[in-house]
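Morning, everyone. I have one structure to go through today, and I will spend most of the time on its ligand. Please have the view open as I talk.

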Amino acid sequence: MFAVYAESCSADDPLAGLVVGERPDPEVPADWTTVEVKAASLNHHDLWSLRGVGLREDALPMILGCDAAGRDEDGNEVLVHAVIGDPAWRGDETEDPRRSLLSERYQGTFADRVAVPRSNLVPKPASLSFEQAACLPTAWLTAYRMLFVQGDLKPGQSVLVQGAGGGVSTALITLARAGGLQVLATSRDEAKRARALEIGAHQVFESGARLPARVDAVMETVGAATWSHSLRSLRPGGTVVISGATSGANPELTELNRIFFLQLRVVGSTMGTRDELARLVSFLDATGTEPLIDRVLPMTEARAGLAAMQAGELFGKVVFTR
Ligand SMILES: NC(=O)c1ccc[n+]([C@@H]2O[C@H](COP(=O)([O-])OP(=O)(O)OC[C@H]3O[C@@H](n4cnc5c(N)ncnc54)[C@H](OP(=O)(O)O)[C@@H]3O)[C@@H](O)[C@H]2O)c1
């Protein structure tokens, strides 16, 4: 079948190991099923995989892609929850120590078909296209859990989103606004700051700029480049929720003094549960909110999408179609 996969990994030249070609049909274990992929969205995870972060050499070749929307074997329109857990695990799937994401241990979604546990299928809402639905399982679910589960934010509270243009950042801005929060956002780029206002931010700032008032919570995916600013932007007792470190995982200053003296809370967040994915779908339906797509490309042009992400040119999600 057609597939976009990593044949090798390179920290310095991630696109060197990318192949747009053919792979065998997926193996389907008992209690698993296959989904015919109609649309799949690109995540920074795919770039990390090509850099060799989170993808072991002995797992290669590996079909990339965490997210899919398509048709199940009975023709139903479905979303694929990307967290593959141990069938024996009970409770929050994101806390299962044996969990993996599609394209880490099991073949990913940038292909004609993907094999997944039956329990990972969620009905696609009729209100969303396949392209929009393909944005939900990773970036939008991560943003939902950061704000409303790990961040426990309530209407009327204030939140700073670090970085405006990314898949998770645009989801954070849109969901926070729809959830009744006061939304502040930063970006390195003036045009992206203007777009952030259009999609719901109340105020935007250059990366690192002093805010007019401290916020209840900061949503971090940028990491080293913004960490210090995140801590300085929080009110005493405020919360930073972190789910990524695109610019590096080891900030120059960790500022432990600031964390204990101001009683800040640092909370990690990873993906979301299948139930949270279903709740996100209801939230979008109820608020009339739609995922923001930067561009739709045929899957055969996956290399162009990955290059745009590597260059930091995006505002919203890249979606690949079959
Ligand atoms: N834990 C999880 O479950 C989970 C789930 C999804 C994503 N993630 C992680 O979250 C991160 C974002 O993922 P994504 O798919 O949204 O990536 P993306 O679409 O490539 O977005 C990258 C974002 O980082 C910002 N950025 C990058 N370098 C920066 C720098 N030096 N200074 C300031 N801002 C910078 C960009 O903001 P501007 O261009 O607007 O400045 C943009 O918002 C990745 O590291 C990814 O691995 C984790």
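The ligand has 27 residues around it, and the ones that come nearest are H44, S187, R188, K192 and S243. Keep in mind that this is a predicted model.

What kinds of residue make up that shell, by class? There are 17 polar residues, eight nonpolar ones and two charged ones.

Now the individual contacts. Start with W48, where a polar side-chain atom lies 2.8 Å from an oxygen atom of the ligand. At G165 the partner is a polar backbone atom, and it sits 3.0 Å from an oxygen atom of the ligand. S243, which I named among the nearest residues, also uses a polar backbone atom, this time 2.8 Å from a nitrogen atom of the ligand.

How much of the ligand's accessible area does the protein cover? On its own the ligand has 920 Å² of accessible area, and the protein covers 87% of that. The space the ligand takes is the largest pocket.

Next, where the shell comes from. Three helices each supply at least two residues to it: α1, residues 44–51, α3, residues 136–150, and α4, residues 167–178. Which of them gives the largest share? That is α4, with three residues.

You can also look at this by domain. Domain 1 is made of two stretches, 2–137 and 272–321, and domain 2 covers 152–268. Why does the ligand lie between them? Both domains give residues to the shell around the ligand, so the ligand lies between the two.

Last, two details of the backbone, both in loops. The first is the peptide bond that joins L60 and P61, which is cis, with omega about -5 degrees. To find P61, go to the loop between α1 and β4, where β4 is residues 62–63. So that you can place the helix, α1 is the one at 44–51 that also supplies shell residues.

The second is E255. Its phi is near 55 degrees, a positive value, and this residue is not a glycine. You will find E255 in the loop between β15, residues 234–242, and α7, residues 256–261.

That is the tour. I can take questions now.

Technical notes:
Residues numbered from 1 in each chain as written. Predicted model: local features only at pLDDT ≥ 70, side-chain atom pairs only at ≥ 80, totals over all residues. Heavy atoms only, no water. Near = heavy atom within 4 Å. Polar contact = N/O pair within 3.5 Å; in protein donor to acceptor, adjacent residues only side chain to side chain. Areas by Shrake-Rupley, 256 points an atom, 1.4 Å probe, with all protein chains shown as cover. 1 Å grid on protein atoms, 1.4 Å probe; cavity = no way out; pocket = protein on both sides within 12 Å on 5 of 7 lines; lining within 4 Å. Sits in = over half its atoms within 2 Å of the grid points. Helix = DSSP H or I, 4+ residues; strand = E, 2+ residues; numbered from the N terminus. Nonpolar A, V, L, I, M, F, W, Y, C, P; charged D, E, K, R; others polar. Domains from an automatic or database assignment.
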